[in-house]
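I opened this entry to go through one chain, site by site and sheet by sheet. The notes follow the order in which I looked things up.

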Amino acid sequence: MPPPGKLPDVAAAAGRFLKKWPARWKETDGRKKKKFYLLSGILAGGLLLLAGWYQFTAPNAWAVIINGRQVAVVTSRVDVNQVIQDVLKERGAGSYQGLQITDQVDYKKVRVNPREIVDGQQLKNILQGTLHFVAAATVITINGQPELIVRDDSIAEAVLAELKQAYLPLPGNGEIQEVRFLEQVAYEHRPARPEEILSPEAALARLKGTSPASQEYIVKEGDSLWTIAREHGLLVDDIRAANPEIKGERLDIGQRLRLTTEKPLLQVMVVYSQEVQEPVPYDVKVETNTDLLRGQERVKQAGSEGQRLVTYQVVTKNGVQVEKKVIQEQVLKEPVTKIVERGTRVVLASRGGSGRLAWPIRGSITSPYGYRGREFHSGMDIDGYVGQPVGAAEAGTVTFAGYDGGYGRMIAIDHGGGLVTRYAHLSGFNVRVGQQVSRGQVIGYVGVSGRTTGSHLHFEVLVNGSFRNPYGFLN
Ligand SMILES: [Zn+2]
């Protein structure tokens, strides 16, 4: 089928004939000329009739047929191929590789009412809405799944490189050891429609998960909104928002749902090492000092932080740190241990000058410390009435509060530095074992428990486990 614009040209043949004609005419005689005139007249009349018939019945246009369907009628003056080229150009032929139409285009000579004939511009408009285009393209597959389409391999490479770049540590913040995708990335090549082909920016956004990726889900038996949401890492509300046609909980098997996720398609794992100067904390060492009072502290040596150069190996996934370990450490400056002296001296020698124990109760001494004949009295007895409050002779820790044979109800207080005081024959306790008490604090009450004949307080002082005369310690 010849394309329009190339109908057979009869004008040239006619021209050649007319050129030779005058010479022939001179050689012809009169009768022959008469006969010729007659024949010419008949011929001319016939031709005129023929021309008239042709005028009304012959094909006057070309039908343009796309995929077997007539879409337009044009005059022979319209170059349809050129119009198709123009349409391709407008669809962005320069932006795609080998953009072409996939349609079968045919032409047929037809006779139509001239009003049905369209011009080139109208044909272009019609073809723009009719033709189908494809271009060569690169499909990026992730774990074997085709995920997105770009124009060519070099754009795919550039997009993937930019994605890796986006998750690298800032310059100067580390030395990169490894950058890779956790997923398997590959390319496939196939023709694609221009609208399927993503720009590099759109492809990058999809890979990062910053632009929502839509996918279709077909409801199968046993599905519920909740199970679908869970399987796709979505919320039920996300699915409802994307599929407003869902009413209530009802889903039909075979129903198509749009699922929109903003999950990154690729995870970039980066391993890098990082050198950091860090302070090293100092230790605190406590030493006892018998010259200092109990509870007093003195800094013998100020501590100071050290400095170290640590090399960490850091692993990130899409910029989020998932691992950090020390691979090398160099001490630049040792820390200086802080030494604190803690006093252990109690009231024995002095307390506020006098350094004496307080009287647990006020009263007369009914039996002093020491030998009474052959019997040794390990404490001193102070007269008191049942229920009379007994005060601690000095601050300390209660180490005993209970019944102990001849002592009856007894309390022992450790004042530190080897000094212990004991209070016996009590009627009741006001403290528990382990309790810290202050000087003069009521610890219990005078009684008659244990081996005793009357109500009094048996008061003992021990230094490093040996009995001492309490009297010498009291104010
Ligand atoms: Zn006694």
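Before starting I fixed one term: I call a residue buried when its relative accessible area is under 20%, and exposed when that area is over 50%. The model is predicted.

**Zinc site**

I looked up the protein donors of the zinc ion first. They are His 377 through NE2, Asp 381 through OD and His 458 through ND1, at 2.0 to 2.3 Å from the ion. Along the chain I read their spacing as H-x3-D-x76-H. Asp 381 sits in strand β20 (residues 380-383) and His 458 in strand β27 (residues 456-463), so this pair ties together parts that are 77 residues apart in sequence. I then checked the burial of these two, and both Asp 381 and His 458 are buried.

**Annotated spans**

I took two spans from UniProt, in an unreviewed entry. The record gives "transmembrane region" for residues 36-56. In the model that stretch is 100% helix and 0% strand, and its end C-alpha atoms are 30 Å apart. The record also gives "domain: LysM" for residues 215-259. Here I found 31% helix and 18% strand, with the end C-alpha atoms 5 Å apart.

**Three-stranded sheet**

Next I traced an open sheet of three strands, in the order β2-β1-β4 with antiparallel pairing. β2 (69-74) and β4 (105-110) are at the edges with a single partner strand each, so one side of each has no neighbour in the sheet. On average, neighbouring strands here are turned by 30° against each other, direction ignored.

I went through the pairings of β1 in turn. Strand β1 (residues 61-66) pairs with β2 over five bridges, in the antiparallel sense. One pair I noted is Trp 62, whose bridge partner in β2 is Val 74. The two strands make a hairpin with two residues between them, and Asn 67 in the turn has a positive phi of about 50°. With β4, β1 pairs over six bridges, again antiparallel. In that pairing, Ala 63 has Lys 108 of β4 as its bridge partner.

How many residues of β1 are buried? I counted six of its six. Both faces are covered: Ala 61, Ala 63 and Ile 65 are buried on one side, and Trp 62, Val 64 and Ile 66 on the other.

**Helix on that sheet**

I then asked which strands of the sheet helix α4 touches. Helix α4 (residues 120-128) packs on the sheet with contacts to β1 and β2, and its direction makes about 165° with that of β2. In α4, I listed Leu 123, Lys 124 and Leu 127 as buried. Viewed down the axis of α4, its buried residues fall within an arc of 105°, so they line one face of the helix. The elements covering them include β1, β2 and α3 (80-90).

**Four-stranded sheet**

A further open sheet has four strands in the order β7-β11-β14-β15, with antiparallel pairing. I marked β7 (175-181) and β15 (320-333) as the edge strands, each pairing on one side only. The twist averages 20° from one strand to the next. Between strand β11 (residues 268-280) and β14, which run antiparallel, I found twelve bridges. Among the pairs is Glu 275, whose bridge partner in β14 is Thr 311. Helix α5 (residues 153-166) packs on this sheet and touches β7 and β11; the direction of α5 makes about 130° with that of β7.

**Two single residues**

I checked Thr 316, in strand β14 (residues 306-317). Its relative accessibility is 5%, so I entered Thr 316 as buried. What does Thr 316 contact, leaving aside neighbours within four places in sequence? I listed Tyr 167, Val 268, Met 269, Val 270, Tyr 272, Gln 321 and Val 322.

The last residue was Ala 192, in strand β8 (residues 185-192). Ala 192 has a relative accessible area of 1% and is buried. With neighbours within four places in sequence left aside, its contacts are Phe 133, Val 134, Ala 135, Ala 137, Ile 149 and Ile 197. I also took the C-alpha separation of Ala 192 and Arg 451: it is 108 Å, for residues 259 apart along the chain.

How values were computed
Residues are numbered from 1 along each chain as its sequence is written. This is a predicted model: local features need pLDDT of at least 70, side-chain atom pairs count only at pLDDT 80 or more; totals for chains, interfaces and linings use all residues. Side-chain values use heavy atoms; hydrogens and water are left out. UniProt positions are given in the numbering used here, feature names are shortened, and annotations may be inferred rather than shown by experiment. Donors are N, O and S atoms within 2.8 Å of the metal (3.2 Å for Na, K and Ca); water is not among the atoms, so sites may look incomplete. Buried means under 20% relative accessible area, exposed over 50%, partly exposed in between (1.4 Å probe, protein chains only). Two strands pair if DSSP finds at least two bridges between them. Axes are lines fitted to C-alpha atoms, for helices over the stretch in contact, and angles run from 0 to 180 degrees between N-to-C directions. Contact means heavy atoms within 4.5 Å. The arc is that of the directions from the helix axis to the C-beta atoms.
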